[in-house]
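Please look at the sequence and the structure shown here; the paragraphs that follow take up the arrangement of the copies, then their contact, then the core.

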Number of protein chains: 2
Amino acid sequence: MKEKKKIDLNLKINKQKRLIEKELKKTLVNISAPKDLKSVMSYAVLNGGKRIRPFIVSEVSKLYKVNYSTYKYPSMAIEMAHCFSLIYDDLPCMDDDDLRRGKPSVHIKFNEANALLGGASLLIFAYNTLSSKKFIIDKKKKLLLLESFSNSIGHEGMLAGQFLDLEAENPKFKINLKKLSEIQEKKTALLIAFCCYVGGILGNATKKELAILFDFGLILGKIFQITDDLLDKEGNQKLTGKKINKDETLNKATIIRVKGINFAKKELKKNSSDAKNKLSYLNKNTEVLSQLIDYICSRTS
Amino acid sequence: MKEKKKIDLNLKINKQKRLIEKELKKTLVNISAPKDLKSVMSYAVLNGGKRIRPFIVSEVSKLYKVNYSTYKYPSMAIEMAHCFSLIYDDLPCMDDDDLRRGKPSVHIKFNEANALLGGASLLIFAYNTLSSKKFIIDKKKKLLLLESFSNSIGHEGMLAGQFLDLEAENPKFKINLKKLSEIQEKKTALLIAFCCYVGGILGNATKKELAILFDFGLILGKIFQITDDLLDKEGNQKLTGKKINKDETLNKATIIRVKGINFAKKELKKNSSDAKNKLSYLNKNTEVLSQLIDYICSRTS
């Protein structure tokens, strides 16, 4: 029975992945950027990836009967911002990674300047997509999404997380569980919380539901980060598409560095249970999201 | 008489500069970013600069009786995006410049990763400022400004210009006046045109007026770029705060490389006259903007 459920979820995830990739491809083909800049942007976005963030947006949106033609815009914007962050993460002055999803990183495929400008262009294009006239929703909601988007990816969110993550590489930096949680919440969880929040906003969720969705997203983000830390230690390079044990080499702030593998695995279980608990408060059919928690917990890439 | 006018304009520019710098400082002090990230962002924004773009926003806004409490938000957003572009321009993989406004560039003062993340944070903060609830204007207008902002700084605008500018450094790149115009329009002029457009949108300008304002901005941007090219050749390093003759060293696409100094000076005169002509169609008291053209033409920094 469990096996069947997993197969269904894989199908669902892949279906949504194909859909959003088709949309991203169509959108990127039509932009009027200089030819080579367009190539950089397209390579960065269409270079594989599980598209888990768009999947989360779609599943939360579906809880509220929001159509694909509406939620596809924030889905694309979020994925573009995510891809922007990956380009930057891989740069020599950041994590210096030549491989991403088993293929040359953007600055290796092109060059550093191209990676920088392509990344920033994607970030701006994410805003363009979210503020676009084609994305037809109430203007107040659209502005709210734009503000929340900035909060989740800017100096209070993802970029702050990347910044703190680099600071914590310094051997003199005294890391503890509280500081680690702050880094991982900003770096990963806030954008995932935004994915959940988007679906709620589009679907006219109540304030209480929005708070539950946001908190659920934060826990899901935490789960995502713990499994990322574990995969770096115990994963298979062929499946992850990136070098193993890199966190230790770079002295990264991970839950494993702070508390060890066993603690990480216990935390994973605890958060998985917390996340499912949050979902139960929505009083909706959240079976797919619940399965997604298990899927992320047992992911191999 | 002419001298008196110039002194008045300097006063006006400096007054607006103080005002917007105070506002930027106040805004940046209040953000809840990690301490060191906040330092990078503040250093990049509060590191001098003439604040010509906010001045243009203010002068066009004043033509339409728009208040400072309204136009200060787009002014700040534009200045942040401009500062973001300067950080990136100076990076080793771009123009590799250690000096900006006579002080260490951001990546020299801090490091490359900090410069990258601080720059991108400023870009996101620019969007945050423009979409902020505090910026009280009609929601439709705000969304229009957000879309136009992306168009002027993204893959169709400033970043495309920076991208093409780097491509044109290649000795094999065949530059001509048409290609040069495209690079400079994207790299510099579109954001200046947006400054003019903002004032018109805020002030309920007619479609015809908006088109005039935008075209005026494009010409002003062209003037700005030509004087920039000339300053690199004939300027005083103490006044410009950056190395002289760098364009030739980097094989930059400049009007001087394509057509020589004399042609550049003629173009400056022609564009100056065109810009004044555009202003005349507005049927408003555009004396300050007209003086601004002369000010930019004769700038020494």
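**Symmetry, contact and core**

In this predicted model, chain B is superposed on chain A by a rotation of 180 degrees with 0.0 Å of shift along its axis, at an RMSD of 0.0 Å (a least-squares fit on the C-alpha atoms of residues with pLDDT of at least 70 in both copies). The two copies are thus related as by a two-fold rotation axis. Among the residues of chain B, Lys139(B) has the C-alpha closest to that axis, at 3.2 Å.

Residues are numbered from 1 along each chain as its sequence is written, and chains are lettered from A and ligands numbered from 1 in the order in which they are written. Local features need pLDDT of at least 70 and side-chain atom pairs count only at pLDDT 80 or more, whereas totals for chains, interfaces and linings use all residues.

The contact takes 41 residues from chain B and 41 residues from chain A, two residues being in contact if their C-beta atoms, placed from the backbone, lie within 7 Å. On the side of chain B that touches chain A, H6(B) gives the most, with 12 residues, and by class this side has 24 nonpolar, nine polar and eight charged residues. Because 100% of the interface residues of chain B are also interface residues in chain A, the copies meet through the same surface.

Leaving aside neighbours within four places in sequence, Met80(B) is in contact with Val45(B), Leu122(B), Phe125(B), Ala126(B) and Thr129(B).

How values were computed:
Helices (H or I, at least four residues) and strands (E, at least two) are DSSP runs, numbered from the N terminus. Ala, Val, Leu, Ile, Met, Phe, Trp, Tyr, Cys and Pro count as nonpolar, Asp, Glu, Lys and Arg as charged, and the others, Gly among them, as polar.
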